[in-house]
Amino acid sequence: VKRSLCPPHEDPSIMTDAKPVNPHVAQTCTAGPIGLGAFGMTTILLNFLNADLIGKDSITLIICYGMFHGGMIQVLAGMWEVYRGNIFGACAFTSYGGFWMGFALFEILMVVTDLPVPAKDGKVVWLCVWGIFTSLMFIGTLNANRVVQFVFASLALLFFLLAIGVHNEDVHIVAGYVGIVCGASAMYLGWAEVMNELAGRELCYVGPVKNKVF
């Protein structure tokens, strides 16, 4: 007999069936709101900069904060999801946590070392690879709720707009506004998961999918 790995009241839409597991694991709460909050807040902060809404000198605060909250906290949330058996959450949080840690390290090295500034074409390829990865992850959300679908769709769009924006400043600014919306939707989803768990019902809209795609 198969059982869900989700604790009571949690939306099981992005979880897969698995063999019976240790009941302590089955009752472990989700790390989703932790990872979503970390991702959402750091994404908003960085894209306020991309949208040219705050000064360029804010990058120091954003990078230091992003390395730990956007990076380390997301990786920890991903490992928590590994423990719970949630392969999608584990893959997403560890990947984007690694992205933030790598991005922060890159920005720090550009300041404290004499490493050459990467070519624009290299930056375009880097952003497109992440856009493709996010698009593939979006496919995995088709059985999840509508809000998580929006988060991944807007994030994929953000990466591709940033890639175009490497050669076009106006598109780069537009990408910043898309990133703010993406980050805000992730923060909302994390908060909604907390509130729905506390209420034991869908108190905040997340839009569960009724007809599974696969």
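This passage describes the overall make-up of a predicted protein model, two of its buried polar residues and a nonpolar patch on its surface. In this predicted model, local features need pLDDT of at least 70 and side-chain atom pairs count only at pLDDT 80 or more, whereas totals for chains, interfaces and linings use all residues. Residues are numbered from 1 along each chain as its sequence is written, and side-chain values use heavy atoms, with hydrogens and water left out.

The protein has seven helices and zero strands, where helices (H or I, at least four residues) and strands (E, at least two) are DSSP runs numbered from the N terminus. Of the 214 residues, 44% are buried, with buried meaning under 20% relative accessible area, exposed over 50% and partly exposed in between (1.4 Å probe, protein chains only). The accessible surface comes to about 11200 Å², and carbon and sulfur atoms account for 71% of this area; accessible areas come from the Shrake-Rupley method with a 1.4 Å probe, and for residues only the protein chains shown count as cover. Among contacts (heavy atoms within 4.5 Å) with a separation of 6 or more, 66% join residues 24 or more positions apart.

Asparagine 47, in helix α2 (residues 32-50), has a relative accessible area of 2% and is therefore buried. Its C-alpha atom is separated by 5.7 Å from that of isoleucine 180, although the two residues are 133 residues apart along the chain. Beyond the neighbours within four places in sequence, asparagine 47 is in contact with Leu158, Ala175, Gly176, Gly179 and Ile180. A polar atom of the asparagine 47 side chain also lies 2.8 Å from the backbone oxygen of threonine 43.

Serine 154, in helix α6 (residues 146-165), counts as buried because its relative accessibility is 8%. A polar atom of its side chain lies 2.8 Å from the backbone oxygen of phenylalanine 150, and the side chain of serine 154 reaches the backbone oxygen of valine 151 at 3.0 Å. Leaving aside neighbours within four places in sequence, serine 154 is in contact with Val178, Cys182 and Ser185.

On the surface, Ile132, Leu136, Ile139, Phe160, Val213 and Phe214 form a nonpolar patch that has about 600 Å² of accessible area together. Helix α5 (residues 120-140) gives the most to this patch, with three residues. Leucine 136 lies in helix α5, and this residue counts as exposed because its relative accessibility is 55%.

Conventions: Patches are made of residues with over 30% relative accessible area and no salt bridge: like charges are joined within 9 Å, nonpolar side chains (Val, Leu, Ile, Met, Phe, Trp, Tyr) within 5 Å. A salt bridge is a side-chain nitrogen of Lys or Arg within 4 Å of a carboxyl oxygen of Asp or Glu. A polar contact is a pair of N or O atoms within 3.5 Å; within protein, one must be able to donate a hydrogen and the other to accept it, and residues adjacent in sequence count only if both atoms are side-chain atoms.
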